[in-house]
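Student: I've got a structure open and a pile of terms I only half understand. Could we go through it together, asking each time what a label rests on?

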Amino acid sequence: MTLHDKLDAQRDRSAANPVWRATYEATVAELRRMGFLDQALRAGGRFPDFLLPSADERLVSLSDLLARGPLAVTFIRGQWCPYCALTLAALEESLPDIHAAGGQLAAITPETGGRALAVTRQHGLHYDVLVDVDSGVGLNCGVVFHVPEPYRSSIARAGVDLADRQGNGGGLLPVPAVYVIDRTGLIVRDFMDVDFTRRPEPAEIVQALRGLR
Amino acid sequence: MELHQVRYFLALCRTLNFTRAAEACNVTQPALTRAIQRLEDELGGPLLYRERSLTQLTPLGRAMMPHLEAMVRSAEAVSHAAAELRRQTPLLRVGLVDGLSASLIAGSLAELERRFPRLELHLQSDDQKPLIESLLQGETDAALLIDDGDLPERLDRWKLLHEGCRAVFRQGHAFEHEACVKLLALAAETVVRGDGWGGAWTRLCDEKHRLRAASWDQAQHMAAVGLGVALLPQHVAVLPGLLARPVPEAGDMRAVVLAAVNGRMYPPALDGFLKLNRAKGFAAALAA
């Protein structure tokens with residue numbers, strides 16, 4: 001099964017609940033109406049520098065990562081998101097291909113309090129999960145948005161306390177954007193969709209990394 | 001949400017004047033107004049009241065301001081880091097309230113030392129009141145404190161962990177054979193009360209205690225000579241020769257928070273220290 005197949009299956013399962021489905025469609029429509037993607041950092045731009053804690057308590061900079069080779073960075077929403085879980089697992093599976101293409105992978109999460117380590121262990125990840133405390137990197141990339149109603153209430157009702165998980169009451173989530181960055185920091189490819197259930201297939205990321213040595 | 005939108009909003013919060021905010025941000029007033037409107041659209045409501053010559057924050061504006069400030073601080077942190085490092089020796093002064101072991105933050109200190117090779121690191125341990133004062137006076141950069149509900153507003157604080165309670169006693173005491181200590185069993189004991197508990201003590205018992213100690217060490221010394229059983233927060237280091245057992249029925253007695261004075265920017269070593277400890281999980285088991 002490709003990641004797309006798994007995401008479709010998950011979406012179908014969730015959409016069986018008419019309340020979820022209505023909320024999901026309204027949220028995606030709202031983000032489109034706001035012209036959200038028009039403002040985000042895209043290919044051709046430079047990825048902003050950062051110094052973020054990793055799941056294993058190191059401070060990792062963009063320069064550290066780029067010194068080792070071109071980089072694919074994926075924003076994830078949190079441990080509570082089933083689409084992020086499927087994506088993280090699929091990326092782990094594709095890691096040998098990513099490395100063979102000369103590239104490396106990092107995930108960026110807004111969730112604090114040990115959740116980066118928890119998600120690393122949960123999926124047996126061998127790539128860095130970095131914590132974007134207070135969403136500074138997300139803000140620099142223009143990929144974070146204030147979660148609109150009715151989605152905000154829907155998440156809260158599901159027991160997901162974003163303020164607690166992120167250590168910040170701003171009520172923000174990132175769009176699950178993926179950036180492929182060459183060794184100079186130039187973004188050569190971006191994948192983003194306001195529909196958070198849609199993610200790039202790992203093979204597309206591998207393809208973008210190839211030839212960037 | 002875009003960085004410039006948030007910067008413009010924060011300039012407006014400071015100036016409460018569209019003209020001056022636009023000047024401060026080096027943009028035209030219409031551009032600033034447009035950016036604020038987009039932000040209001042995203043946040044779902046007005047952030048400012050405009051009445052003739054008077055501009056004020058709405059409740060939404062006031063509520064969002066600290067979070068947006070935190071985000072801008074985070075977004076701008078790293079661009080300051082590189083410049084700072086070239087200029088000066090980084091300094092980090094961290095305080096720990098009496099009873100909290102430096103082992104809680106040792107990992108982050110090691111990583112900061114690695115990342116900022118000429119880092120000057122000063123640790124101090126003190127009672128909460130003098131530590132808070134030191135923070136507010138700018139003599140300490142960050143501290144691990146107990147959230148007693150009374151922390152000054154000027155302090156940003158982030159919860160690190162909840163602490164339970166342990167019974168500490170000398171060898172030979174009957175508790176030695178228990179895996180944990182029940183409240184009922186404690187009721188039959190002479191308990192040494194430590195003053196550091198504050199209001200949390202009433203969760204354990206509300207009797208007057210004839211044995212009181214001003215510090216955790218003092219309480220332990222009293223236990224060591226058989227005067228009674230000391231009840232200590234979970235992370236206090238136990239003196240050699242004494243034994244400790246958890247008191248699960250006491251539940252979470254107090255919250256340990258990381259605190260720093262609210263400000264526009266944190267120096268890079270402080271920013272790293274705060275991020276490392278906020279990112280980390282301190283609780284033994286963390287629910288997903």
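Tutor: Sure. Keep in mind that this is a predicted model. Let's start with strand E6 (residues 155-163) of chain B, which is joined to E12(B) by 8 bridges, the two running antiparallel.

Student: What makes E6(B) and E12(B) a pair?

Tutor: The cut-off for pairing is at least two bridges. E6(B) and E12(B) have 8, so they count as paired. You can follow it residue by residue: B:His162 stands opposite B:Ala255, and B:Trp158 has B:Leu258 as its bridge partner.

Student: Which strand of chain B does E12(B) meet over 4 bridges?

Tutor: That's strand E5 (residues 142-146), again antiparallel. There, B:Ala143 has B:Ala259 of E12(B) as its partner.

Student: Why is E12(B) described as mostly covered?

Tutor: A residue is buried if 20 or more other C-beta atoms lie within 10 Å of its own. In E12(B), residues 254-261, 6 of the 8 residues are buried, so "mostly covered" fits.

Student: What is the order of the strands in this open sheet?

Tutor: E4-E3-E5-E12-E6, all in chain B, with mixed pairing.

Student: And what makes a strand an edge strand here?

Tutor: Pairing on one side only, as with strand E4 (120-126) and E6 of chain B. Neighbouring strands in the sheet are turned by 20° against each other on average, ignoring direction.

Student: Which helix packs on the sheet?

Tutor: Helix H9 (residues 268-279) of chain B, which touches strand E3 (91-97), E5, E6 and E12 of that chain. Its direction makes about 160° with that of E12(B).

Student: Now strand E8 of chain B: how do you know that E8(B) and E10(B) pair?

Tutor: Same test: at least two bridges are needed. E8(B) and strand E10 (residues 229-233) have 2 and run parallel, so they just qualify. B:Val192 stands opposite B:Ala230 there. E8(B) also has 2 bridges to strand E9 (residues 212-213), in parallel too, with B:Arg193 opposite B:Arg212.

Student: Which way do the residues of E8(B) point?

Tutor: B:Val191 and B:Arg193 go one way, B:Val192 and B:Gly194 the other, and all are buried.

Student: Let's zoom out. How many helices and strands does chain B have?

Tutor: 9 helices and 12 strands.

Student: Why is chain B called more spread out than a compact globule?

Tutor: Because its radius of gyration is 24 Å, well over the 19 Å that the globule rule gives for 288 residues. Its C-alpha atoms fill a box of roughly 80 × 45 × 35 Å along the principal axes. Chain B is divided into domain 1 (3-83), domain 2 (88-161 + 255-279) and domain 3 (165-250), and the C-alpha centres of domains 1 and 2 lie 28 Å apart.

Student: Which residues touch the most other members of the largest nonpolar core?

Tutor: Of its 108 residues, those are A:Ala72, A:Phe145, B:Ala142, B:Ala143, B:Leu144 and B:Phe273. The core draws at least three residues from each of domain 1 and domain 2 of chain B. Apart from it lies another core, of 23 residues, including B:Val192 and B:Val229.

Student: Why would nonpolar side chains be buried together?

Tutor: In soluble globular proteins, that's simply the tendency they show.

Methods:
Residues are numbered from 1 along each chain as its sequence is written. Chains are lettered from A and ligands numbered from 1 in the order in which they are written. This is a predicted model: local features need pLDDT of at least 70, side-chain atom pairs count only at pLDDT 80 or more; totals for chains, interfaces and linings use all residues. A residue is buried if 20 or more other C-beta atoms lie within 10 Å of its own, exposed if 12 or fewer, and partly exposed in between; C-beta atoms are placed from the backbone. The radius of gyration is taken over C-alpha atoms; the globule rule is 2.2 Å times the number of residues to the power 0.38. Domain bounds come from an automatic or database domain assignment. A nonpolar core is a set of buried Ala, Val, Leu, Ile, Met, Phe, Trp, Tyr and Cys residues joined through C-beta atoms within 7 Å. Axes are lines fitted to C-alpha atoms, for helices over the stretch in contact, and angles run from 0 to 180 degrees between N-to-C directions. Two residues are in contact if their C-beta atoms, placed from the backbone, lie within 7 Å.
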